[in-house]
Amino acid sequence: MSGFAPRVRAVLGPTNTGKTHLAMERLAAHASGIIGFPLRLLARENYERLVRARGAANVALITGEEKIVPPHARWFACTVEAMPLDRPVEFLAVDEIQLCADPDRGHVFTDRLLHARGLVETMFLGAETIRPLLARLVPGARIETRPRLSQLHAAGATRLTRLPPRSAVVAFSADAVYAIAEAIRRRRGGCAVVMGRLSPRTRNAQVALYQNKEVDFLVATDAIGMGLNMDVDHVAFAGLSKHDGHRPRPLTAAEVAQIAGRAGRGMRDGSFGTTADCPAMGEDLAQAVEAHRFDPLTQLCWRNADLDFSDLDALLASLNAPPPRPGLVRGNEAADLETLTLLARDGAIRRAATTRPRLRRLWEACQIPDFRKLADETHARLCARVFHHIAEGGPLPADFLAAPIAALDRTEGDIDTLMQRLAGIRVSAYIAARADWLRDAAHWQARAREVEDKLSDALHERLLARFVDRRAAFLLRRLDAADGAPLLSAVTRRGEVIVEGHPVGALRGFVFHPDPDTDADRRRLVLRAARRALATEMPRRVAALEAAPDSAFALTADARITWGAEPVARLRPGPVPLRPLAEALDAAFLDGAARDRIRARAQDFLNRYIAGELAPLFAATEAVRFSPDLRGALHALADGLGVLADGGAAGADPARRRALKALGVTAGRFALFLPALLKPRPAALRALLAAVAAGAPVPPPLPPGAVTLPAATLRPEGGWLPAGPILLRLDIAERVAAELAHATRRGPAVPPAGLAGRLGLRADALAPVLRALGFRLIPAELPGPTAFGPPAPPLLVPLRRRRDPPEAPARPGGPFGVLVQLLR
């Protein structure tokens, strides 16, 4: 086409040399081109990059499981295995060409090295270790070496808890990845996870989690060694050996360098070392990685691509042909050849694969990738089923993919379960991508992609839930920031404390309560963040409390003072019951001066509240300040919170009784008291003050309108007269005693109707209550019941003070009562 031999160019060097960037620029500079990548996710990443630069109508993506090929596509991003080599293009490139030496996939890369060419330009990208063999196998290739843009430094061994932010920890098994990720979540807030089994969608979501700095750590398998460009400053190896699918073996220096090279991007230097249980890296290995000095490759893996489809045995023989030149060796038996070898033993397969077209279709069916790695014959049986359907060139049945895709369309399960389903859907996607095998390939491609996306999103969420505490990770990063900038924080109306967008707990008054879901490992972090975030909020709140009106405060039934419905102080005993002291609640984020200001404001409110609620007592006390004859009685009354038991002597003098009455004080038979303070609100406050003064628990509130209580009830505030089985409220006791005294002033009298009901008693329980009030029942001398009606009702008489007369014996027909008044 061009009239001259195409130029072959090899650009070699360590990681971070800009090789892939150069190849993408050269690709876009040509009228058409194909570039092959070692991983599907890299093909997808660079496809999206090309779409942004050249438009979706001009760019194609071809991988085993995914084909997006617009009719007029000019630039192709592919996996190396899926490169459409029958399509002539001006430019062709293969990335990571040193994978020619890989025992499992190397034969594909070697085939591209030997045979894949662009019409104008061909470019191979890879490590310097392939230079001698590449120069020998591709004579005339122009080889150039690019130096690394930044330096790599060995940092030795580091504990997981001491790893610097922006570190990637590399492990070589799923179990090790999970264990390290769990440890980092507990100690450092969480991490992103990257493994080869992740779908591109899940992998991109995890990388974005790290790149967006939602987490500062990445835990990965050696999958990160292939072209994943992230802002990693340090790579820590959790092991220096791996299982390569056949046996455990130590990592080579070149493999260590490929992974360690993820540290430091652009002109920013990076470091590498070991962590967890991995011992420190040997000095020779560390120096080789730092200097990019590795032994050159001595052989590349090869498999014959010129296949003989004359019969099945000839096909197998051609696949097993020996390498044609020095420097090439056969690698491990690939999965497609294993499958073909297994199916060749099946008589039905041999009978069906008798023509060249059928043998080609058998070989194509055997090339379905075994993503599931089930280690049994399940995959071979699938390939056989596919072959039997397509042997004559016909399509697969319409429902061939329906059942397996439907079975995988479930998002429940753990991480390993979802990854296994993703492997299964990748097999279905590969089959769906074969438009020549299906009538409605586009439908099944879309269906497989839909399920893969659903599973990928579910897997990402499971990884987040298990390995990321977003709040802890973010707060750690902000708290450890070198600039010491203040944290962006807010306290909502409900008291929720939000720090940099993350809820960390609640502020109740001035006391911070960490989020109850915070475990012990992260509680210290949350407290640290809250202390920093509330450094300005606390002084503002103290000032607001000082300026708040009394209406913003309240005294609760549990002896707490609230501000805005949140407790800020508690009551403790003062010099007298009427003067309790306010004490600021313990708050870790308040200093002594702030507590004193809160205490002073709470004390002001408390004093005024008590004075307002018990105003009659304070008014009476103030009124007798200059009356020596009443001052003592009122002082004792104040100490008793408005009730002075056995205080009748203070009002025995009628003149004094009148003087006390003018002050609202009742000098009754049983006590000196202020009736206004026996009402529910002041009574509740008196009970609280009495309990605080005694250091006792505050009693429960009284039932509304209660005039009697069980005798065993403890009421520290007074105001209740013990009366047999009950306590009788003082004002009611005085009123009933006065009523009974008036009724019996001229002699025995019938008890007032309904007296027991007024006191909430049964009739047979009335006698001990009457005794406490100064009255009793004595049998009457009238005859018992007659033919004319029931017995006569009992009569009331006051008790005697000196001694009671003997009760008259009961007569037949029932008792009669007579009340005898005490002698004064």
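How many bridges join S28 to strand S29, and in which direction do the two strands run? In this predicted model, 2 bridges link S28 with strand S29, which covers residues 671–673, and the two strands run antiparallel. The briefing below sets that pairing within its sheet, turns to the helices that pack there, and then considers Leu 315 in helix H9.

**The sheet**
- Strands S27, S29 and S28 form, in that order, an open sheet of 3 strands with antiparallel pairing.
- The edges of this sheet are strand S27 (643–645) and strand S28 (666–667), each of which pairs on one side only.
- Within the pairing of S28 and S29, Ala 667 has Leu 672 of S29 as its bridge partner.

**Helices on the sheet**
- Helix H22, made up of residues 628–639, lies across S27 and S29, and runs at about 105° to S27.
- Helix H25, spanning residues 730–743, also packs on the sheet, where it touches S27 and S29, and its direction makes about 120° with that of S29.

**Leu 315**
- Leu 315 belongs to helix H9, which comprises residues 312–319.
- With a relative accessible area of 0%, Leu 315 counts as buried, because that class takes in residues under 20%.
- When neighbours within four places in sequence are left aside, Leu 315 is in contact with Leu 307, Asp 308 and Phe 309, as well as with Leu 340, Leu 359 and Trp 363.
- Leu 527 lies 212 residues from Leu 315 along the chain, and the C-alpha atoms of these two residues are separated by 70 Å.

Definitions and conventions: Residues numbered from 1 in each chain as written. Predicted model: local features only at pLDDT ≥ 70, side-chain atom pairs only at ≥ 80, totals over all residues. Heavy atoms only, no water. Helix = DSSP H or I, 4+ residues; strand = E, 2+ residues; numbered from the N terminus. Buried < 20%, exposed > 50% of the residue type's maximum accessible area, 1.4 Å probe, protein only. Contact = heavy atoms within 4.5 Å. Pairing = 2+ DSSP bridges. Axes fitted to C-alpha atoms, helices over the stretch in contact; angles between N-to-C directions.
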